[in-house]
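Dear colleague,

Please find the structure below, handed over for your reference. A summary of what was found in it follows.

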Amino acid sequence: MLTPQKKKRIAIVIAIIALIMLASAIYLYLQRNIVTTDDAQIVGQTIVVRPKVSGYIKKIYIQNNQVVKKGTLLAEIDPKDYQLAYDSQKANLTAIEQSLLMAKNKLATLKITEPAKVSAADAQVAAAQADLQKARDNERRTSELIEQGACSQQAYTDAVAAAQTAQAHLAEMQSQRQGMNSTADIIAQAENNVKKLEAEKAEALAALKQTKNNLANTKIYAAQDGIISQKAVESGSFVNVGTPICSLVNDDIWVQANFKETQLQGIKIGDPVIIHVDAYPNTTFKGRVNSLQAGTGAYFSLFPPENATGNFVKVVQRIPIKITFENLTPPQKQLLKLGMSVEPAVYINGAKP
């Protein structure tokens, strides 16, 4: 038989259990619209600064953790070789431009002189033909006169000699005319030469532009505002194209929270989020669900899982969700660093934080 004291103790235990169950029920009720995960960290935009040309670092202008603005000169590669290449290509372009100018002037001159030369040669042939015809007519007349006794033998001999001379002169003029190239061929050759030099000029311009870009790329500037991290080179170091110089981290940060696929029901873009950062347990940050990744983290891994062998073990997958901060002040941004662990709590179904 229970004593009054034992009954009292039992009553107290039952009351405590009832209170615990009631508190648990209240907690679960209050937490029904809150989804949390501890698999989350702060991420952001990081640019790895890499040179576009190779060479020795002439000077490095930055240090780790230095705050820089977009356009700040970070480092400079020795420009001597690239300056020489630019100067050489510029001189080559100047020589080609001069040759092109001379070729164009020659073409313009040929378009005037060549038709004139051909016309002059044709005129000389026509004149020689006329002289030959005149000499032959004179030869025929003297031949008739000498038969009539009205002309001396010497006059006839002279007329025959003149006809022969005119024939030889005509043959010479015709030979010279035949030896001349046609006007069209000469002009076409000159035009082809101009086109060739124009192509060389275009090629030289492209090469000059490339050498100018290479020279400009010896100076490496910040592509965005940010903080210098992981500086990897010093003055005097040799770098190849693509060698990491440093990393540039800007202040555009957010939370990547990896929720279980079984937690996604009810989470929508725009839902409010309360963010607790492990490093600052007494500070809370506000945010909102920005977007959900199109696949699980495992699916986008280097070696995504597959079940070709038939050995299947079901594993709860996680979906990365991007959560953006709201109303972050500059001092708060200084506190938050990439990779910090956080615990976001997403308020779903219209619940308010």
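**Salt bridges and nonpolar cores**

Arg-288 has a relative accessible area of 33% and is therefore partly exposed. Please note that the model is a predicted one. The salt-bridge partner of Arg-288 is Glu-326, with the closest N and O atoms 2.8 Å apart. Because Glu-326 lies in the loop between S12 and helix H5 (330–335) and Arg-288 in strand S11, the pair ties together parts that are 38 residues apart in sequence. Glu-326, at 28%, is also partly exposed.

The structure holds five salt bridges. Another of them joins Asp-39 to Arg-318, at 3.7 Å between the closest N and O atoms. This pair links distant parts of the chain, 279 residues apart: Asp-39 is in the loop between strand S1 (34–36) and S2, and Arg-318 is in strand S12. Asp-39 is partly exposed at 26% relative accessibility, and Arg-318 is partly exposed at 28%. A further salt bridge is formed by Glu-234 and Lys-231, at 3.0 Å from N to O. Here Glu-234 is partly exposed, at 44%, whereas Lys-231 counts as buried, at 15%.

Turning to the interior, the largest nonpolar core has 22 residues, of which Val-255, Ile-275 and Phe-325 touch the most other members. Several strands give two or more residues to this core, including S2 (40–49), S10 (272–277) and S12 (318–325). Strand S9 gives the most, with four residues. Leaving aside residues up to four places away in sequence, Val-255 touches Ile-42, Ile-275, Ile-321 and Phe-325, among others. Apart from this core lies another, of 19 residues, among them Ala-75, Tyr-82, Val-239 and Leu-248.

With kind regards

Key:
Residues are numbered from 1 along each chain as its sequence is written. This is a predicted model: local features need pLDDT of at least 70, side-chain atom pairs count only at pLDDT 80 or more; totals for chains, interfaces and linings use all residues. Side-chain values use heavy atoms; hydrogens and water are left out. A nonpolar core is a set of buried Ala, Val, Leu, Ile, Met, Phe, Trp, Tyr and Cys residues joined through side-chain atoms within 4.5 Å. Buried means under 20% relative accessible area, exposed over 50%, partly exposed in between (1.4 Å probe, protein chains only). Contact means heavy atoms within 4.5 Å. A salt bridge is a side-chain nitrogen of Lys or Arg within 4 Å of a carboxyl oxygen of Asp or Glu.
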